[in-house]
Amino acid sequence: MKILGIETSCDETAAAVVTDQREVLSSVVASQLNVHAPYGGVVPELASRQHVRDLPRIAAEALSRAHLSWSDVDGIAATHGPGLMGALLIGLTWAKAAAWARGLPFIGVNHLEGHLLACELNHSLLPYPFIGLVASGGHTSLYYVAAGDPPSYELLARTRDDAVGEAFDKVAKLLGLPYPGGPAIEKAAQEQPTVNTVRFTLPKMKDGSLDFSYSGLKTAVRYLLAKQDSRTVPLTVAEIATAFQRTIIQDLLAKALAAARRRPVQALVLTGGVAANRPLREAFARAAHENHLPFFCPPVEWCTDNAAMIAAVGARHLAVGQRSGWDLPAVPNLELAVLAKTGAE
Ligand code: KG4
Ligand code: ZN
């Protein structure tokens, strides 16, 4: 079975063809970086307009790179949330129309499920159950993922304010670094990997929950920059970037490990755009090894938004007979699971 996947939830127009064995036959991503960079962040209306322009060409390219024609496609999957309403609507409507016109089954996919299972692309199946951390521009969510066809998800913790990628983007802007902030901060931090001159702290949740909160960290950076003139030796951008990145890494890691201690699990999975961050991946790999926990993180191209992860999840649902109706809506704040009750450690 060959599934065409479509992803337009934010600022990447993506199409891919993946088999029901999760083999990626093609994966094409058109980034809108140049469209949004002058504004320092994604402008929703511009994202929708660019998806309209790019999607037909990107979908055709995904088919041609896989050496397939429409008659070889067995089903179509598209992200229907979470994401930007206008952006989601473009991909979802296009995918429904293409499926309708060709009499193909159609399935709507949750973007977060795509990220969580991205490690299974071109790969053997993950060991279940596992703790999965989705760290992206829109989400910082910890899940307990149990085996099933499709798997089942329990939300263990999520951000109470800014998502971790959002924090990278906002702090980069404060530091005068370009958009997107994540890669820019990672690069700036490389200039001074060890820093003792500045240290940030994060709030500890009083109720024992593993929830994340990064808006205070962003404010701390702002205050620090405002006080630069009163320092005898002003801090460099590299120093602040390193201290910020280190704080984020320690927090994500501590919470992921705490979640893995609360439940017996077979693996730790790190995914989402922020998982492209090399020091973060390395810290997770090291700590998981020390804790005798197998660790998985998709290759960088499948950490950031792509349609292969959407097609693969779509294939899983279609294979067990699931279909979406033509009236499936785009849902900007679509959840993957309800928040589980947390207990103190
Ligand atoms: O998953 P993604 O491509 O889109 C969403 O679903 O949000 O994630 C995008 C986010 C952006 O905030 C970007 O700054 C961040 O991922 N990001 C990174 C890195 N590469 C991308 N954050 C930290 N380090 C990176 N190398
Ligand atoms: Zn994403």
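A polar contact here is a pair of N or O atoms within 3.5 Å. The model is predicted.

Me: Which residue has a side-chain N or O atom 3.3 Å from an oxygen atom of ligand 1?
Reply: A polar contact needs N or O atoms within 3.5 Å. One pair joins an oxygen atom of ligand 1 to the side chain of a histidine, at 3.3 Å. That residue is His111.

Me: How far is an oxygen atom of ligand 1 from a polar backbone atom of Gly137?
Reply: Gly137 is among the residues that come nearest to ligand 1. Its partner in this pair is an oxygen atom of the ligand, and Gly137 offers a polar backbone atom. The distance is 2.8 Å.

Me: How much of the accessible area of ligand 1 does the protein cover?
Reply: On its own, ligand 1 has 550 Å² of accessible area. The space that ligand 1 takes is the largest pocket. The protein's cover comes to 88%.

Me: Which helix gives the most to the shell around ligand 1?
Reply: Helix 4 (111-116), helix 5 (164-174) and helix 6 (181-190) each give two or more residues to the shell. The top contribution is four residues. It comes from helix 6.

Me: How many residues of the shell around ligand 1 are polar?
Reply: There are 19 residues around ligand 1. Five are nonpolar and three are charged. The polar ones number eleven.

Me: Why does ligand 1 lie between domain 1 and domain 2?
Reply: Domain 1 covers 2-119 + 302-343, and domain 2 covers 128-297. Ligand 1 lies between them because its shell takes residues from both domain 1 and domain 2.

How values were computed. Residues numbered from 1 in each chain as written. Chains lettered and ligands numbered in written order. Predicted model: local features only at pLDDT ≥ 70, side-chain atom pairs only at ≥ 80, totals over all residues. Heavy atoms only, no water. Near = heavy atom within 4 Å. Polar contact = N/O pair within 3.5 Å; in protein donor to acceptor, adjacent residues only side chain to side chain. Areas by Shrake-Rupley, 256 points an atom, 1.4 Å probe, with all protein chains shown as cover. 1 Å grid on protein atoms, 1.4 Å probe; cavity = no way out; pocket = protein on both sides within 12 Å on 5 of 7 lines; lining within 4 Å. Sits in = over half its atoms within 2 Å of the grid points. Nonpolar A, V, L, I, M, F, W, Y, C, P; charged D, E, K, R; others polar. Domains from an automatic or database assignment.
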